Structure formats: C-alpha cells, structure tokens
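Look at the structure below and find the places where its surface opens inward. The briefing that follows covers two pockets and the residues around them.

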Amino acid sequence: MNSNNLSPRLKIVASLVPKGSKIADIGSDHAYLAINLIKNEIAISAIAGEVAAGPLSNSKEEIEKNDATKQIEARLGDGLAVIQDTDAIDVICIAVMGGQLIRKILNDGKTKLSNVKKLILQPNVGEAELRDWLINNGFKITYEDIVAEDHHLYEIIVAEPGEMNLSEKEQMFGPMLMKSHNDVYTHKWQRELKRLRKIEENLKAHPHHGQAKLDQVTKQINYIKEMFEYVS
Ligand code: SAM
C-alpha cells in the first residue's frame, strides 16, 4: 500500500470523505490516507495525528516525499489532543483500532468534536461499544460497510451529529449492515457464532467461571441465530 494505491479498506474510508473537507486522521501511521485525499483534491488540509514516534516519523517522511507539507501537518499526540480550534477540522477519520480505543479517543477528546460534521471510523473489533458511545454522545450513524482484507474483517461506521436510538441487537450487528448484509457480513457472523459456541462449551464444562458469563454468551449466540433467521 502507498498513498497512490490505498488498500481496499482505506479506499472505502477515502471515498466517504466529502470534497473540500479539513480532515484529521488519527493514528495515521504513514499518512497514506491524508496524502491520498490531498493529492486527489478531496481534502483541502489535513492533520496526521500519531501517538507513537516511529509512525509519526513515517508520516513526516511520506508527506515530504509527496510534497504535501503545505497542506498536511503531522503531529505527535494522544488521540484528538493534536487538533487545535484553528484547524477547523470538520471530518475525523480513525482507521484500524479497536472499537474501545476509538471510543476512548472520542470520549477523551469530546471538546474537539463540537464543529465536526463527520466521523469516519474503522474499528476492527468492539463495534457495539463504539455504536453505544456514538448514540449516547450526540451522533447518529449515517452509513455502514464491511470489508475483508488479508483475512481480517473491518467494519466502517460513519456518524454525524444527530440523534439515534439503537436496540442492543442493532448495536451488535449494525443498524445498516443488518439490512444490507453481504457475503463478508455473513462470513463475519458465522465465524463469530463458531467462536462463541466454543466459549459456551468451555463455560459449561467449567461452571466456576460463573452463570452470568455463560448467560451473556448464550444470549449473543441466540441473537446471531435470530439475525440469520431474519435475513434468510
Ligand atoms: N490508520 C492507519 C491505517 O488504517 O492503515 C494505521 C492503523 S495502525 C493499525 C494504528 C495506528 O494508530 C498506529 O500507528 C498507532 O501508533 C496509532 N495509535 C494508537 N493509539 C493512538 C492514539 N491514542 N492516538 C493517536 N494514534 C494512536
């Protein structure tokens, strides 16, 4: 992958950024996304935020190599702390982190979200917790997708300021993914069902882990089975 040739999952993220945006890509690593959006004249400016020195230095190198230092600034910092009011960021992208980490980044940086029009998030696990945070913090989900890449599955969740209620099942399966389920989605939940059944078996064989844990896993298994019945 490079900034001219984004991986399939990052291509989807890029395609969701509105033209003329001022973006912050948090956890930018090589800043491929930001550079791609600037070179294709989608974003007009970008902050490439990184918490780690190594990836930050990768970002800086790529930005210089692509002659994009006027439009993109690579900044070292934790989550949204790299965003300043004067950046007037309207789109935040956070790709390939756990849903819980994305949730923490958004929660810790709440004050930086007041003027943001779009969050484009790509969690690799923990999607339900992330949806839960979004709907309880003034965001509605406007688009969802799922993509497979190198044996990993990535959901994409786009959120905008607004109100939304979601049931426990909708938080788990994604309100939009549930409706437009595709082969990748089916594969994800078949795999998850298999994983949970193994855990259930193990918990039944070792009751000292507690009934509450077993009940939770059984509930999730039943939700998945119901979802498959509903979509078939
Ligand atoms: N976003 C890129 C992509 O999609 O290819 C890179 C994903 S990489 C798996 C995650 C990156 O997030 C790492 O470079 C890591 O250093 C950075 N990261 C992790 N926690 C962070 C935080 N709290 N704030 C900023 N960056 C963070």
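**Pockets in the predicted model**

The second largest pocket holds about 210 Å³ of space. Its lining is made of 13 residues, and Arg9, Leu10, Gly27, Ser28 and Asp29 are the closest to its centre. This is a predicted model. The largest pocket has a volume of about 680 Å³.

**Second largest pocket: what lines it**

- Three elements each give two or more residues to the lining of the second largest pocket: α1 (8–15), α2 (32–39) and β4 (91–97).
- Among these elements, β4 gives the most, with three residues.
- By residue type, the lining of the second largest pocket divides into seven nonpolar, three polar and three charged residues.

**Largest pocket: what lines it**

- A total of 26 residues line the largest pocket, and those nearest its centre are Gly126, Glu127, Trp189, Glu192 and Arg195.
- The elements that give two or more residues to this lining are α5 (127–135), β7 (152–161), α6 (168–173), α7 (183–205) and α8 (211–231).
- The largest share of the lining of the largest pocket comes from α7, which supplies seven residues.
- Sorted by type, the residues lining the largest pocket are ten nonpolar, seven polar and nine charged.

**Largest pocket: domains**

- Which domains each give at least three residues to the lining of the largest pocket?
- Domain 1 (8–165) and domain 2 (184–231) each do so.

How values were computed: Residues are numbered from 1 along each chain as its sequence is written. This is a predicted model: local features need pLDDT of at least 70, side-chain atom pairs count only at pLDDT 80 or more; totals for chains, interfaces and linings use all residues. Side-chain values use heavy atoms; hydrogens and water are left out. On a 1 Å grid over the protein atoms alone, a cavity is a set of points where a 1.4 Å probe fits but cannot get out, and a pocket is an open set with protein on both sides within 12 Å along at least five of seven lines; lining residues have an atom within 4 Å of a point. Grid points are joined across faces, edges and corners, and a volume is the space filled by probe spheres set on the points. Helices (H or I, at least four residues) and strands (E, at least two) are DSSP runs, numbered from the N terminus. Ala, Val, Leu, Ile, Met, Phe, Trp, Tyr, Cys and Pro count as nonpolar, Asp, Glu, Lys and Arg as charged, and the others, Gly among them, as polar. Domain bounds come from an automatic or database domain assignment.
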